[in-house]
Amino acid sequence: MNKFTVSVLLTACFPVLVWATIYDDGIRLLNAKSYVKASKASKAFAAAAKDGNSAAERQLAFMYYRGLGFKQDNAKAVALFEMAANHGDLESQVNLGTMYENGLSVEQSDVQSGHWFRLAAEQGHRKSQFRFGEICFLGQGVPRDYAEATKWWDLAMRMDDDTTRQMLAMIQPVMAKITTETLEEGRRRANRWVAARASGL
């Protein structure tokens, strides 16, 4: 490997290494549970977030939300959660879905809630898949679509575990409203989603 190749690889990797180091410093300081160290943690997270580290953006959002190292500021917290979520941070997408669903520090919005839960569902988050299925079934902020509801429920319940059994118990009363043809279409959509994800599409 020549010096140019090594240089290119180091240049490509260096920002990620810096993010990880600064972010880890922030986590260590925040875990110290001291206001002074929380303040230092906030600076570490801010430095990492400036370079697009979505996990650091999320941590800053939590700190503004809880008033750790900063004056409590819900507006800044929500803005940072949205920044992280738009950068693909799954936890922030789930948080925003829940916040908009329940009007926590934001104006309640079925449209916004559905948007963030759908993004989390697309990343494979089971509870968000199940919740977005409910949203599609009820038509909360999205057009009512029983086949789409079935698709997301099917995806959420593919594992044989207690979570699936609990989810199944929750939706059994409403499944009778869905025709066999619609159920089959939902399963076809779910299978296409799995196949597309496996192929990287």
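Helices here are DSSP runs of H or I with at least four residues, numbered from the N terminus. By that count, alanine 190 belongs to helix H10. The model is a predicted one, and this helix is a good place to enter it.

Alanine 190 has a relative accessibility of 0%, so it counts as buried. What surrounds it, once neighbours within four places in sequence are set aside? Alanine 190 is in contact with Lys151, Asp154, Leu155 and Arg158. One of these partners, lysine 151, lies 39 residues away along the chain. Yet the C-alpha atoms of alanine 190 and lysine 151 are separated by 4.8 Å.

Now step back to the whole chain. The protein holds 10 helices and zero strands. Its elements, read from the N terminus, run α-α-α-α-α-α-α-α-α-α. Of its 201 residues, 38% are buried. Take the contacts between residues at least 6 apart in sequence: 48% of them join residues at least 24 apart.

Start the walk in the loop between helix H2 (35-50) and H3, where glycine 52 lies. Its relative accessibility is 28%, and buried means under 20%, exposed over 50%, so glycine 52 counts as partly exposed. Glycine 52 and alanine 84 are 32 residues apart along the chain. Their C-alpha atoms are separated by 8.3 Å.

Helix H3 follows, covering residues 54-66. At 1.5 Å a residue, its 13 residues should span 18 Å, and the end C-alpha atoms are indeed 18 Å apart. How many residues of H3 are buried? The count is 11 of the 13, so H3 is largely enclosed by the rest of the structure. The buried residues include Ser54, Ala55, Ala56 and Glu57. Arg58, Gln59, Leu60 and Ala61 are buried too. Phe62, Met63 and Tyr64 are also buried.

Further along, serine 105 sits in the loop between helix H5 (90-102) and H6. Its phi is near 65°, a positive value in a residue other than glycine. Serine 105 has 34% relative accessibility and so counts as partly exposed.

Next comes H6, with 13 residues. The expected span at 1.5 Å a residue is 18 Å, and the distance between its end C-alpha atoms, 18 Å, agrees. Which residues of H6 are buried? They are Ser113, Gly114, Trp116, Phe117, Ala120 and Ala121. These buried residues pack against helix H4 (74-86), H5, H7, H8 and helix H10 (180-198). H10 is the helix that holds alanine 190.

Just after H6, glycine 124 takes a positive phi of about 95°. Glutamine 123 is placed in the loop between helix H6 (110-122) and H7. With a relative accessible area of 34%, glutamine 123 is partly exposed. Leaving aside neighbours within four places in sequence, glutamine 123 is in contact with Gly88, Asp89, Leu90, Gln93 and Arg197. Glycine 88 is 35 residues from glutamine 123 in sequence. In space, the two are 8.8 Å apart, C-alpha to C-alpha.

The last stop is helix H9, residues 162-175. Its 14 residues reach 19 Å from the first C-alpha to the last, close to the 20 Å expected at 1.5 Å a residue. Where does H9 bend? The bend, about 30°, is at alanine 169. A proline, proline 173, follows within four residues.

Thr164, Met167 and Ile171 are buried in H9. The buried residues of H9 pack against helix H7 (126-138) and helix H8 (146-156).

Two packed helices are described by the angle between their axes and the distance between the axes. H7 and H9 pack at about 5°, with axes 12 Å apart. Angles under 35 degrees count as roughly parallel, so H7 is roughly parallel to H9. By class, the contact of H7 with H9 has six nonpolar, two polar and three charged residues. From H7, the contact takes in Arg126, Lys127, Phe130, Glu134 and Phe137. From H9, they meet Thr163, Thr164, Met167, Met170, Ile171 and Val174. Among these, Thr164, Met167 and Ile171 are the buried residues already named in H9.

Key. Residues are numbered from 1 along each chain as its sequence is written. This is a predicted model: local features need pLDDT of at least 70, side-chain atom pairs count only at pLDDT 80 or more; totals for chains, interfaces and linings use all residues. Side-chain values use heavy atoms; hydrogens and water are left out. Helices (H or I, at least four residues) and strands (E, at least two) are DSSP runs, numbered from the N terminus. The expected span of a helix is 1.5 Å times one less than its number of residues. The bend at a residue is the angle between axes fitted to the seven residues ending there and the seven starting there. Buried means under 20% relative accessible area, exposed over 50%, partly exposed in between (1.4 Å probe, protein chains only). Contact means heavy atoms within 4.5 Å. Axes are lines fitted to C-alpha atoms, for helices over the stretch in contact, and angles run from 0 to 180 degrees between N-to-C directions. Angles under 35 degrees count as roughly parallel, over 145 as roughly antiparallel, 65 to 115 as roughly perpendicular and the rest as oblique. Ala, Val, Leu, Ile, Met, Phe, Trp, Tyr, Cys and Pro count as nonpolar, Asp, Glu, Lys and Arg as charged, and the others, Gly among them, as polar.
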